[in-house]
Amino acid sequence: MAEIFLKNAWYCAGWNHEFHQGAGAVIARKIAGERLVLYRTRTGHVVAFQDRCPHRQAALSLGRKEGDSLRCMYHGLKFNSEGICEEIPGQDNIPTDCRVRTYPVIEKNSWVWVWMGDPAQADPGLICFSVGPENPNWNMKISKMHVETNYLWEIENLADLSHIAWVHNDTVGGDLAFSRIKPKHTTTARGTHTSFWVYSHRPLGAIRHLFPEDARIDSNWEIDQTVPCNWNMRVRFFTPGTETEGPSNGELMADTWTCQSVTPCDDDSVDYYYSWGADNASEARMPGLSDLLGGTLDIAFNEDKVMLEAQHLRRKEMPDFKMTRILHDAGPSMILRVLNTLIKKENEIRPVLEPA
Amino acid sequence: MAEIFLKNAWYCAGWNHEFHQGAGAVIARKIAGERLVLYRTRTGHVVAFQDRCPHRQAALSLGRKEGDSLRCMYHGLKFNSEGICEEIPGQDNIPTDCRVRTYPVIEKNSWVWVWMGDPAQADPGLICFSVGPENPNWNMKISKMHVETNYLWEIENLADLSHIAWVHNDTVGGDLAFSRIKPKHTTTARGTHTSFWVYSHRPLGAIRHLFPEDARIDSNWEIDQTVPCNWNMRVRFFTPGTETEGPSNGELMADTWTCQSVTPCDDDSVDYYYSWGADNASEARMPGLSDLLGGTLDIAFNEDKVMLEAQHLRRKEMPDFKMTRILHDAGPSMILRVLNTLIKKENEIRPVLEPA
Amino acid sequence: MAEIFLKNAWYCAGWNHEFHQGAGAVIARKIAGERLVLYRTRTGHVVAFQDRCPHRQAALSLGRKEGDSLRCMYHGLKFNSEGICEEIPGQDNIPTDCRVRTYPVIEKNSWVWVWMGDPAQADPGLICFSVGPENPNWNMKISKMHVETNYLWEIENLADLSHIAWVHNDTVGGDLAFSRIKPKHTTTARGTHTSFWVYSHRPLGAIRHLFPEDARIDSNWEIDQTVPCNWNMRVRFFTPGTETEGPSNGELMADTWTCQSVTPCDDDSVDYYYSWGADNASEARMPGLSDLLGGTLDIAFNEDKVMLEAQHLRRKEMPDFKMTRILHDAGPSMILRVLNTLIKKENEIRPVLEPA
């Protein structure tokens, strides 16, 4: 199933603080079916190697940092930060083919990005926009989670927010109005933009106790989803206004960003990196709001995890099961079409997932 | 290996009290390779659905009861008790193909039975006879167990009781005489009847301590085994008489029934539902006997579980291992022949298990 | 992958004390892909059967010793120590094909050896040399371990001791000089002999604390490795002399033997049996040395286990990964060539592992 992955793409390998300069920070990851080992050099750059020694496929992630180099701790072969072998203990001559595959790495917005395809095509401009925790205007709270599902089901999940009415009633949903949203989807260079307003709805489950019992709010949701599975959303909450379409005429209560990246490890699991937080003005109005939002995502994504892992079992069992199309599939269909087109162009193979 | 299952048959899905009307009783089962979800409606009927939403294969067993309907808690599709979609949140039109496969369900003798084949052929008359715990003349004690083996090995196990001499020496065997039984097997409409007497044998392991050390008893064993794997046995214990063939002329001490149903989940595991108990007169003579018998089955079937799970590993490893036929295989051969004939008729495929 | 195993070979099934005459000592093993059950008869011989009853493949390792016989505890078939069925409960006639496959067994140097191939070719002379714990001149301390790797990676590991510089720095390595050894490898009848001296090196990690901080020693390593994966090494430690090639002119401090046998269970795991100890004179000079050496192997082989299990995952994932050859591969290449030649002769198949 390797063809389900877009290779010429940046994948999030984690939060940059994970890749610190300590001796123990030699970090194994599986990304798009390939094993990687990442570490930070003395000059502060993160390097990514294939996690197998060219000698006998020992795990380089069991290796040892020596200056900017990484030594395989099985037979001692030492590789510089470009993956070139600079020492084979017991011999003077080093074969030129004795090198480790390296992957382009870029740090941006506190995320570490790895390019899994042809290095010559590794365009930094393709890294998705995001608001990182280092941004002084926002109070982004970060976390991560491992989920045993296929990343395509995560893409579908994120591209149709109507599910928050059901899966996340107690956390990031809380009103049936969410099940009836009419989002406007448009295609972008490498993804989709989704936009919708909800009026006079109950506050989200996770913040409802902060309001009077009969409180209502308006909200605006602006989402950029890009391939392979990056997802940025600005959500703003307003006091309830009188509009029923277009922008609310209520007063802005909170302006928040959530930035999320789902990295497929292999066909059956993903690493999910995410953040949520409010801007300084909102945090001043509602102290503690950003911590609340960040912590809520851990709970909400555990709700998704149960659903997506059960769904994955079923979709693996019956890949040819004829599925019913509903209106809310418009978002998932659009982003999957973008992804499929890029994968097809890359591989000239059949679509991996029929647009619903 | 799906062809190892008889589809046009009733399979036991559990004891009826498991399917109560509480909100949480939305119950997942795997039967004959298919995932099912079962719940009881307000009108008291148990319905069985395929456990995958027609939209995106989400687990309906993670769903929510609403009146007699079941709502998928991923995107909120709601299905009535006939599996027909009655709501798709966010849209007015419901496609006619938006329905969940349903399975005929019948409750009988406190067991819930599901028909896994063509609904048009679901004949209630094919449900096996059994004595349920609701029967006022009998004191049936019920239980269940999950075993990691193939159901065909359970069929063989139940069709040759000589194994109780070895596997169950401390529970439902207890005398080497059981290893030398000469049962009379006859075919029935959808199975076999097996009958034998054992004379002047030591009381079963589980009840021996209730008797003097040198006590002997006579016993009669009458078994109806039907496809796929239902098993009913009336066992009667007598004071030792002087006969050595035909009915004992001893005095009846205890009249007992055990009703058992083995439901294949898939090729590698079964759910086993079983009961044992004495009639009122026997219970009056030996107070507590029914509890003792029911509890003994849990112990005895753990003895089988160890044997059958080890056997399953070995039979999977060497499916072509040439096996030796013994006289005690007559019972297993006969019931497997009945099962094979029915499966062949259904599928027109080769026999799944060569009669030994 | 069954062809990766040499069948006409003796495999170590364990330490002889494991196969005692107690009722419970009916011992299951998996060797070279086959399931075995072993037990010791009253006459003191260990017999090895295929661990599947010829009747229905029940596990004979769940069976019961009766005198010198083993009874299957499923339906009571009883087999004498030659595997011939001597009782089928419930019938008088015993088919001549009702027998269990047996395997030649020999005990030598406290190890139990099983021949997995053609019994007619089972030459006791092919059992590898070893120094057992029963040897009065040596104080051999024994142990065992299960490792989830392929035995070929164990062979490579043992045939190139340069890895002790890296993997075992704190136990059986401790000086980078080990990474630069120039061992002399020669082929033997069914394996290789390897010999090297190391001069003026730091004492091994596990014994270093017994010496002054700047202590240096000389050492001599003489290894016999034979197929499938037997490994005997005499290691002698000397006070540092002035030689830099050939035998040390230092004074002998300790003379030690370690005998090791790696038995493949299947393609993915091995049972590893090993010992290490000093001779009486060395033990007198350094009381407790043998316990120290024996216990050190448990720690050192856990160091290998981490490395070899990670390597196994990677080599299974990419069997065609092009690997770089280094000088230290000379030893592994030589012993694998011997093994491959024997397996090819046996099977007339392609080499299982290309000499590096």
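**View 1. Chain A laid on chain C in the predicted model.** A turn of 120° and a shift of 0.1 Å along the axis lay chain A on chain C, with an RMSD of 0.1 Å. The two copies are therefore related as by a three-fold rotation axis. Asp268(A) marks the approach of chain A to this axis: its C-alpha is the nearest one in the chain, 13 Å away.

**View 2. Chain B laid on chain A.** Here the turn is 120° and the shift along the axis is 0.0 Å. The RMSD of this superposition is 0.1 Å. In chain B, the C-alpha nearest the axis belongs to Asp268(B). That atom lies 13 Å from the axis.

**View 3. The contact between chain B and chain A.** Chain B brings 20 residues to this contact, and chain A brings 22. On the chain B side, 10 residues are nonpolar. Another six are polar, and four are charged.

**View 4. The contact between chain A and chain C.** Chain A supplies 20 residues here, facing 22 residues of chain C. What classes make up the side of chain A that touches chain C? The residues divide into 10 nonpolar, six polar and four charged.

**View 5. The two domains of chain A.** Domain 1 of chain A spans 2–126. Domain 2 of chain A spans 141–347. Taken over C-alpha atoms, the centres of these domains are 33 Å apart. The domains also touch: 17 residues of domain 1 of chain A and 17 residues of domain 2 of chain A take part in the contact.

**View 6. The side of domain 1 of chain A that touches domain 2 of chain A.** Two strands of chain A, S1 (10–15) and S2 (27–31), each give at least two residues to this side. Which element has the largest share? S1(A) does, with four residues. By class, this side of domain 1 of chain A has 11 nonpolar residues. Three polar and three charged residues complete the side.

Key. Residues are numbered from 1 along each chain as its sequence is written. Chains are lettered from A and ligands numbered from 1 in the order in which they are written. This is a predicted model: local features need pLDDT of at least 70, side-chain atom pairs count only at pLDDT 80 or more; totals for chains, interfaces and linings use all residues. Two residues are in contact if their C-beta atoms, placed from the backbone, lie within 7 Å. Ala, Val, Leu, Ile, Met, Phe, Trp, Tyr, Cys and Pro count as nonpolar, Asp, Glu, Lys and Arg as charged, and the others, Gly among them, as polar. Copies are superposed by least squares on the C-alpha atoms of residues with pLDDT of at least 70 in both. Domain bounds come from an automatic or database domain assignment.
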